[in-house]
Amino acid sequence: RRAEFSLYRLKFLRIAAPAIDELGYIITLMGFVQPGMTFVDVGANVGLFSVFFAAVGEPAGFDVLAIEPDPKVYERLKANLSPYLNARAIQCACSNIEGEGFLHESVSSLTNYLSINPQIEKETDFRRKGTTVRTIPLDTLLEGTQNRLVIKIDVEGHEREVLEGAASLLRGGQVKALLLDGINMTCAKWLRGLGFMQFDALTLQESRSASAALFTKGSRPCAE
């Protein structure tokens, strides 16, 4: 059965239609998911990526795990994914420790900042308003799964900690493709050291300078 999904359906799910870059990232990652796999959306927000993958994955035979720490945003995410039996949402923040962190609310933008050390206050535009959230490593969340994984990470500066918390999965070969929306050289170098190849997430050309990077192991993306 052919999987079909209309952009117009998004308005009924309280999700804005994707920007061109986001749509490009979705198309890129769709090239990697196959039946029996799991798409993991770290920093899912209200579910722009997760809903696309859940809608396609239901008939195609793969499932979706969406992870979002913000309590209010999580409720919208859960509602948006509720029509799909192959999708589940978890309210927590992925990090390198299991415990608690503080999700600071930003004054000047729509993004939030997660601090797992309350003494670290590096962002001048963040006020002391937010909420305490659970932090769980991906290795813990996905312990025992045998599925191969396609992962998208968008965590506003917390990428290193998320990757450290997924070290076993990344070293073990379960991760087929990983998209980092916001990449620094330290994270990229570490992933390349594990045998991942790095590409521009939009052009699919090998690149070490793109702000959104695709990392794959054992398969190259098709740029056609």
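The side chains of Thr-38 and Asp-63 are joined by a polar contact of 2.5 Å, and Thr-38, which lies in strand 1, is buried, with a relative accessible area of 8%. This is a feature of a predicted model, in which the chain holds 7 helices and 11 strands. Of its 224 residues, 49% count as buried, and among contacts between residues at least 6 apart in sequence, 64% join residues at least 24 apart. The points below begin with Thr-38 and then take up the sheet, the salt bridges and the nonpolar cores.

**Around Thr-38 and Arg-148**

- Once its neighbours within four places in sequence are left aside, Thr-38 is in contact with Asp-63, Leu-65, Asn-147, Arg-148, Leu-149 and Val-150.
- One of these partners of Thr-38 is Arg-148, and Arg-148 lies in the loop between helix 4 (138–141) and strand 8.
- Whereas Thr-38 is buried, Arg-148 is partly exposed, with a relative accessible area of 37%.
- With neighbours within four places in sequence again set aside, Arg-148 is in contact with Met-37, Thr-38, Gly-173, Gln-174, Val-175 and Lys-176; in the case of Gly-173, the side chain of Arg-148 reaches the backbone oxygen at 3.5 Å.
- Although Arg-148 and Phe-39 are 109 residues apart in sequence, their C-alpha atoms are 8.8 Å apart in space.

**The sheet**

- Seen across the sheet, the strands follow the order 3-2-1-8-9-11-10, and these 7 strands form an open sheet with mixed pairing.
- Strand 3 (87–90) and strand 10 (197–200) are at the edges, and because each has a single partner strand, one side of each is left without a neighbour in the sheet.
- From one strand to the next, the twist averages 15 degrees.
- Helix 3 (residues 71–81) packs on this sheet, where it touches strand 2 (63–67) and strand 3, and the direction of helix 3 makes about 170 degrees with that of strand 3.
- Strand 1 (residues 38–42) and strand 8 (residues 149–153) run parallel and are joined by 5 bridges; within this pair, Phe-39 stands opposite Val-150 in strand 8.

**Salt bridges**

- The model has 4 salt bridges, and one of them is formed by Asp-41 and Lys-152, whose closest N and O atoms are 2.7 Å apart.
- This pair links distant parts of the chain, with Asp-41 in strand 1 and Lys-152 in strand 8, 111 residues apart, and both Asp-41 and Lys-152 are buried.
- Arg-160, Glu-161 and Glu-164 are linked in a network of salt bridges, in which the side chains of Glu-161 and Arg-160 meet at 3.1 Å, N to O, while the closest N and O atoms of Arg-160 and Glu-164 are 2.8 Å apart.
- Arg-160 and Glu-164 are separated by about one helical turn, because they are 4 residues apart in helix 5 (residues 159–164).
- The members of the network can be described by their accessibility: Glu-161 is buried, with a relative accessible area of 12%, Arg-160 is partly exposed at 40%, and Glu-164 is partly exposed at 34%.

**Nonpolar cores**

- The largest nonpolar core has 32 residues, and those with the most contacts inside it are Leu-29, Phe-39, Phe-49, Phe-53, Leu-81, Val-150 and Leu-214.
- At least two residues of this core come from each of helix 1 (20–30), helix 2 (48–60), strand 2, helix 3, strand 9 (175–181) and strand 11 (212–216), and helix 2 gives the most, with 8 residues.
- Leu-81, leaving aside its neighbours within four places in sequence, is in contact with Ser-50, Val-51, Ala-54, Ala-66, Ala-87, Arg-88 and Ala-89.
- A second core, separate from the largest one, has 30 residues and includes Cys-92, Cys-94, Leu-149 and Cys-187.
- Leu-149, which is included in this second core, is also among the residues in contact with Thr-38.

Definitions and conventions. Residues are numbered from 1 along each chain as its sequence is written. This is a predicted model: local features need pLDDT of at least 70, side-chain atom pairs count only at pLDDT 80 or more; totals for chains, interfaces and linings use all residues. Side-chain values use heavy atoms; hydrogens and water are left out. Two strands pair if DSSP finds at least two bridges between them. Axes are lines fitted to C-alpha atoms, for helices over the stretch in contact, and angles run from 0 to 180 degrees between N-to-C directions. Contact means heavy atoms within 4.5 Å. Buried means under 20% relative accessible area, exposed over 50%, partly exposed in between (1.4 Å probe, protein chains only). A polar contact is a pair of N or O atoms within 3.5 Å; within protein, one must be able to donate a hydrogen and the other to accept it, and residues adjacent in sequence count only if both atoms are side-chain atoms. A nonpolar core is a set of buried Ala, Val, Leu, Ile, Met, Phe, Trp, Tyr and Cys residues joined through side-chain atoms within 4.5 Å.
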